Each structure stands twice: as C-alpha cells, then as structure tokens.
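The following exercises are to be worked through with the sequence and the coordinates at hand. Each task is followed by a stepwise solution.

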Amino acid sequence: MQTDKDSTLIKDAAQGEVDVGIVLGSGLAEALGSAFQRVAIPYGDLPSLPFKSLPGHHGQAFVGLWQGKRVLALSGRAHLYQGFTAGEVTANVRLAKASGARALILTNAAGALNPVYDAGDLMLIADHLNLTGCNPLLDAEASPRFVDMSEAYSPRLRAVARRHASPEHRLREGVYVGLVGPSYETAAEARYLRTIGGDAVGMSTVLETIMARSLDMEVLGFSLITNVVGATETTHEEVMATARASAPGLAALIEKALVEI
Ligand code: HPA
C-alpha cells in the first residue's frame with residue numbers, strides 16, 4: 001500500500017515513530033521556527049497524498065524533532081473545493097497515523113460568525129458542524145465507521161492549549177463550521193450558521209477530524225480568524241494576509257503545547 005511505503009520513508013526521516021502530526025493551514029509553514037529541526041520531503045515523493053495531480057501545488061512534509069517530540073508537519077492540504085474526494089482529503093491523516101502519530105494538530109484559516117470575534121483572533125476548536133455533505137467514513141473500507149464524535153476535539157489537549165496561551169493570542173474557543181466552499185458565505189448564510197451554533201466557518205478540517213477520530217487519534221484544532229463573515233466584503237487576499245500575520249503566534253503556541261502532547 002502507498003500509505004505504508006510513504007510512512008516508512010517518514011519514519012526513516014524521523015528516526016522512529018512519529019509522535020504528533022500537524023496539518024499546517026495557510027501561512028503556517030512559513031512561521032515554523034528553527035527549534036523544529038526538520039527535513040523536507042516533497043509531496044511528489046509521497047504518492048499516498050493526492051497532490052501530484054494538482055499542477056503548481058507544492059506540498060511538503062516536514063519531519064523532525066520539535067520540543068523533544070518526533071513531528072510530521074504537512075504543508076499543503078487537499079480540499080473538497082479543488083475536486084478531491086473525502087477519501088483524498090483525509091489521506092494526510094491516514095499517513096500521519098501510519099507514521100505513528102497518536103495526536104493530530106489541525107490548523108486552518110476561518111471567518112468569524114461570533115460577533116465578539118475579530119480578525120487576528122485565534123480560536124481553539126471546541127467542536128464542529130460538518131456541513132460539507134461528505135464523510136470520509138462513507139468509504140466501505142474505512143474502519144471503524146460508526147465513530148463516536150461526542151468529544152472529537154480532545155478536552156485534555158484543549159486544556160493544554162489554554163494553559164500555554166498568552167493574552168496576545170486573543171484565544172477564543174468555539175464551534176467550527178466546515179463547508180465545501182469555495183465561495184464565501186452570503187449574509188443570510190452567515191446569519192443561519194450563527195443561529196445554528198457556529199462561531200467560525202471555513203473549508204477544511206472537519207473531514208480530517210472525523211478520520212482522525214476513527215483512527216483513535218487525539219485531535220487539537222485551531223482556527224486563525226482572518227475576517228468577519230458578512231461584515232464587509234471578504235477577499236482571498238485579506239484572508240491570506242491576516243493568516244500570515246497571525247501564523248507566528250500560533251506556531252509559538254504549538255511549540256509550547258507540544259511539550260505536553
Ligand atoms: N468563509 C469560509 N472560509 C473561510 C473564510 C470565510 O469567511 N475565511 C477564511 N476561510
């Protein structure tokens with residue numbers, strides 16, 4: 001199997017089983033500091049990841065030691081809005097698991113639905129609403145399939161993150177809504193998503209969390225709040241620029257939290 005071959009490559013690079021997998025959202029790869037002693041493996045060398053079919057997309061896996069933990073950090077993820085299936089979107093999680101990861105840190109950029117949130121805030125994901133209409137466990141070969149999701153985002157790891165956050169992180173904690181995208185939300189959709197309990201909305205993460213829970217991995221999720229949905233016009237440029245500006249703070253928090261993961 002491709003995943004087994006790829007995980008062998010990763011375990012060789014890590015000199016052992018990986019402890020923690022990290023999925024790096026927009027801007028985060030550039031924010032990784034020198035404390036993470038790593039080698040980079042291009043996704044082209046990891047055929048279990050679906051990226052080679054995306055021209056111009058340069059994914060990389062960073063493998064190495066960070067805070068005494070063996071870490072696999074994946075820069076570049078497949079999204080439903082790019083035409084990938086739920087199985088392809090979650091190949092990264094299967095690879096992290098096969099490489100040994102017990103815990104998975106998922107990061108993303110998201111728009112605020114909660115009126116007290118602002119661009120530049122960091123949201124710890126307490127729970128999610130999967131409104132993508134997809135589920136990676138629809139695959140008949142996924143096992144187990146009837147997975148408990150009552151504490152999908154680890155209470156233990158959320159407590160670790162809270163403990164290490166400082167006021168500059170402007171840490172919030174809330175419910176992430178996962179949609180297919182790629183269009184941003186209408187004003188009516190934003191009101192609806194808020195009404196049903198969403199605090200932030202984005203186009204990733206929920207399927208990866210489902211896959212991770214089915215593989216019995218502990219999940220820690222963070223959203224960089226890049227814009228306020230429905231307040232003003234949302235542009236991809238604004239989302240990317242705010243994510244880049246907030247990413248170093250999140251990387252620093254992950255670095256501290258890793259000690260206890
Ligand atoms: N909506 C959906 N996805 C997003 C947003 C948003 O406003 N901002 C960043 N990702």
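**Exercise 1.** In this predicted model, determine over which ring the charged end of Arg38 sits.

*Solution.* The ring is that of Phe62. The charged end of Arg38 is 5.5 Å from the centre of this ring. The cut-off for such an arrangement is 6 Å from the ring centre, applied to CZ in the case of Arg.

**Exercise 2.** Classify the aromatic pair formed by Phe36 and Trp66, and state which parts of the chain the pair ties together.

*Solution.*
1. The model contains one aromatic pair. Phe36 and Trp66 form this pair, with a centre-to-centre distance of 4.9 Å and 5° between the planes.
2. Ring centres within 6.5 Å qualify as a pair, and planes under 30 degrees apart count as stacked, so the classification is stacked.
3. Phe36 belongs to the loop between β1 (20-24) and β2 (37-42), while Trp66 belongs to strand β3 (residues 60-66); the pair therefore ties together parts 30 residues apart in sequence.
4. Phe36 has a relative accessible area of 2% and is buried. Trp66, at 1%, is likewise buried.

**Exercise 3.** Identify the polar contacts of the ligand with Gly111, Glu185 and Thr226, and state what share of the ligand's area the protein buries.

*Solution.*
1. The residues around the ligand include Ala109, Ala110, Tyr184, Met203 and Asn227.
2. A polar side-chain atom of Glu185 is placed 2.7 Å from a ligand nitrogen atom.
3. For Gly111, a polar backbone atom is 3.3 Å from a nitrogen atom of the ligand.
4. For Thr226, an N or O atom of the side chain is 3.5 Å from a ligand nitrogen atom.
5. The ligand taken alone exposes 260 Å², of which the protein buries 95%.

**Exercise 4.** Describe the surroundings of Ala212 and of His169, and decide whether each is buried or exposed.

*Solution.*
1. Ala212 is located in helix α6 (residues 206-214). Its relative accessible area is 0%, so Ala212 is buried.
2. Leaving aside residues up to four places away in sequence, Ala212 touches Val93, Leu104, Met217 and Val219. The C-alpha atoms of Ala212 and Arg94 are 7.7 Å apart, although 118 residues separate them in sequence.
3. His169 is located in the loop between α4 (155-164) and β7 (171-178). With 10% relative accessibility, His169 is buried, because the limit is under 20%.
4. With the same sequence exclusion, His169 touches Asp121, Leu122, Gly249, Leu250 and Leu253. The side chain of His169 reaches the backbone oxygen of Gly249 at 2.8 Å.

Technical notes:
Residues are numbered from 1 along each chain as its sequence is written. This is a predicted model: local features need pLDDT of at least 70, side-chain atom pairs count only at pLDDT 80 or more; totals for chains, interfaces and linings use all residues. Side-chain values use heavy atoms; hydrogens and water are left out. Rings of Phe, Tyr and Trp (its six-membered ring) pair if their centres lie within 6.5 Å; planes under 30 degrees apart count as stacked, over 60 as edge-to-face and the rest as tilted. Helices (H or I, at least four residues) and strands (E, at least two) are DSSP runs, numbered from the N terminus. Buried means under 20% relative accessible area, exposed over 50%, partly exposed in between (1.4 Å probe, protein chains only). A charge sits over a ring if NZ of Lys or CZ of Arg is within 6 Å of the ring centre and within 35 degrees of the ring normal. A residue is near a molecule or strand if one of its heavy atoms lies within 4 Å of it. A polar contact is a pair of N or O atoms within 3.5 Å; within protein, one must be able to donate a hydrogen and the other to accept it, and residues adjacent in sequence count only if both atoms are side-chain atoms. Accessible areas come from the Shrake-Rupley method with a 1.4 Å probe; for residues, only the protein chains shown count as cover. Contact means heavy atoms within 4.5 Å.
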